[in-house]
Amino acid sequence: MLPQEQMLPLIVSQLKQYGYFGIARNLQDAAQIQSVEPSNQLAEFCASMEVKQDENTTQEAVGHLLVTGNDQPVMIGNYSAFFTTQHRGPVRSVAFSGDGRLIATGSEDSSLKVLDADRVMDQSAEASDKVIKTLYDHTLPVNEVKFHPNGVVLASCSDDTNIKLFDLGKAVKRAFRFLPDAYPVRSIDFHPSGDFLISGSDHHAVRIFDIHTLKCYVPPTDGDHHESGITKVRYAPMANIFASSSHDGSIKIYDGVSSSCINTIYNAHNGLPVTSIEFSKSGRYLLSTGMDHVGRLWDMSTGKVVVSYTGGTQTHEMAAMSFTHDENHVVGPDDDSNGFIIWDARTGSLLRKNQNAHNKKILSIAASPTDGALMTGSEDARGKYWNLK
C-alpha cells in the first residue's frame, strides 16, 4: 500500500491527465500538495496490480498489445453497416470521441458532421436524429477532425490553412477559436491534458499550440524538421513523446517536453511517403501506414519493425490503419476492392476482407475506443458506421 504522501500527488496528476483540472486544484490546495504535471502513473500502477507478468515475457503490463513472437491469431466476426451519412464531397476524416459516444466526419465539401453513436446503433431512431450537428466554418476541404479529451470540443484542420475549435455544447455552427497557419494543415492531435495541440502541414516543421494562450512553438533546430510536408502527427498516450510522418518517407519522434527530435526512422516505407501513424495504448508500439502498401508495427524501444501487415493496397496520401478498441486487430483500407481489411495485430495474419464497403476507395477509418465499432469515410462522399453482427 502506498503512503498518503505518495498517493495524493498521483491522484492529482491522474485527475489532470483526465482533464479534471478544477477537482485536481481543489485537492491540491486542500492537501497542500506542490504542483504536479499531468500523468498516467496512477493508472499504470493500478494496471500493474491487475496484470500478472509472464516470467518468459519482458513486456510492460500497460495496454493490451504485447507482441511476444509466439502469438496465435485472434479471430473476429463479420462487420455490417448500420448507418450511412452523406456529404457533398469525399469524406477525408472520421473520428470517435474518447468515450465512444460521438463520431465526427470531415469532408472535402468543407463541412463537419457529428453523430450520436447510441442513436446510430438504434435501428428505431430516425436518421435525422442520428446526425446531431452539422458545422460550417472552413472555406476549403477538411483534412482531419479530432475530439478534445473533454469530449465537448471538436477540432478540425483544413486546406484553408486554419485549425478550428467548435464547442459542441452550444447551438452555434461556427468555431469559437481558430489557430492560423500559412500552409494547408493536414493533421492535428490533442495533448492528453487538452492544454496543447500539435499540427502538421505542408510545411516541414511540426507546430505546437498552447490552446489557452494561442502561442505557437516549433521544434528548436533545423535537424528536428522533416525535408517535406507532414502527413500525420500523434501524441503518445502518456505524452512523454509525440511523432510525425512525412512525404519525405521518414517518421520523427520528439521529446514531449523539449519538443526536440530524439529519433528519426528514415525510409520507414522503402522511401515512399508515410501516410499515417498511431501509437498503441501503452505507447510501446507505433503503427505506420505507407504508400508501399504495407503497414508496419514499430517497437519504440528498439526502433525496429516487429509485425508487418500486407495483402492490401493503400494508394491515397491519406491512407491510414488503426488499432481496434482491444488492440487485438488492425484495420486498414484496401483501395483495389473499395473495402477494408482486418489483420491480427500480433501476427500480421490477414483475417478478413470487407470488399465493396463503399462505391469508391476509403480515405479514412477509425475504431471506437469502447467497442468493436468502426467508422469509414470514402471518396463516394459517404461516412459509414460499422459494427460486428
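## Surface and overall form

Let's start from the outside: the protein exposes about 17000 Å², and carbon and sulfur atoms supply 48% of that area. What you are looking at is a predicted model. Its mean pLDDT is 91, and 94% of the residues reach 70 or more. One stretch calls for care when you read the model: over residues 50–62 the pLDDT is below 50. Beyond near neighbours in sequence, that stretch has 15 contacts in the model.

Along the principal axes, the C-alpha trace spans about 60 × 55 × 50 Å. A compact globule of 389 residues would have a radius of gyration near 21 Å, and the 20 Å of this protein agrees with that. Of the 389 residues, 56% count as buried.

## How the chain is built

Strands make a long list here: the protein has 28 of them, along with five helices. Among contacts with a separation of 6 or more, 47% are accounted for by residues 24 or more positions apart.

## Around the two opening helices

Helix α1 covers residues 4–17 and includes Ser13. Is Ser13 buried or exposed? Ser13 is buried, because its relative accessible area is 4%, below the 20% cut-off for that label. Not counting residues up to four places away in sequence, Ser13 touches Val36, Glu37, Pro38 and Ser39.

Helix α2, residues 21–30, contains Ile23. Together with Tyr18 and Tyr20, Ile23 makes a nonpolar surface patch of about 350 Å².

## A glycine in strand β20

Further along the chain, Gly295 lies in strand β20, which runs over residues 295–299. Gly295 is buried, with a relative accessible area of 0%. Which residues does Gly295 contact, leaving aside its neighbours within four places in sequence? Gly295 is in contact with His269, Ser288, Val307, Ser308, Tyr309 and Met321.

For a sense of distance, take Gly295 and Leu179: they are 116 residues apart in sequence, and their C-alpha atoms are 32 Å apart in space.

## Salt bridges, buried and exposed

The count of salt bridges comes to 15. One of them joins the side chains of Asp181 and Arg207, at 3.3 Å from N to O. This pair links distant parts of the chain, 26 residues apart: Asp181 sits in the loop between β9 (177–180) and β10 (185–190), while Arg207 belongs to strand β12 (residues 207–210). Both partners are buried: Asp181 has a relative accessibility of 13%, and Arg207 has a relative accessible area of 12%.

Arg296 forms a salt bridge with Asp292, and their closest N and O atoms are 2.6 Å apart. Arg296 is buried, with a relative accessible area of 13%, and Asp292 also counts as buried at 13% relative accessibility. Turn next to Arg101 and Asp99, whose side chains meet in a salt bridge at 4.0 Å, N to O. Arg101 is exposed, with a relative accessible area of 56%, whereas Asp99 counts as partly exposed at 42%. Finally, Arg92, Glu108, Asp159, Arg186 and Asp202 are linked in a network of salt bridges.

How values were computed. Residues are numbered from 1 along each chain as its sequence is written. This is a predicted model: local features need pLDDT of at least 70, side-chain atom pairs count only at pLDDT 80 or more; totals for chains, interfaces and linings use all residues. Side-chain values use heavy atoms; hydrogens and water are left out. Patches are made of residues with over 30% relative accessible area and no salt bridge: like charges are joined within 9 Å, nonpolar side chains (Val, Leu, Ile, Met, Phe, Trp, Tyr) within 5 Å. Accessible areas come from the Shrake-Rupley method with a 1.4 Å probe; for residues, only the protein chains shown count as cover. Helices (H or I, at least four residues) and strands (E, at least two) are DSSP runs, numbered from the N terminus. Buried means under 20% relative accessible area, exposed over 50%, partly exposed in between (1.4 Å probe, protein chains only). Contact means heavy atoms within 4.5 Å. pLDDT is the predictor's confidence in each residue, from 0 to 100. The radius of gyration is taken over C-alpha atoms; the globule rule is 2.2 Å times the number of residues to the power 0.38.
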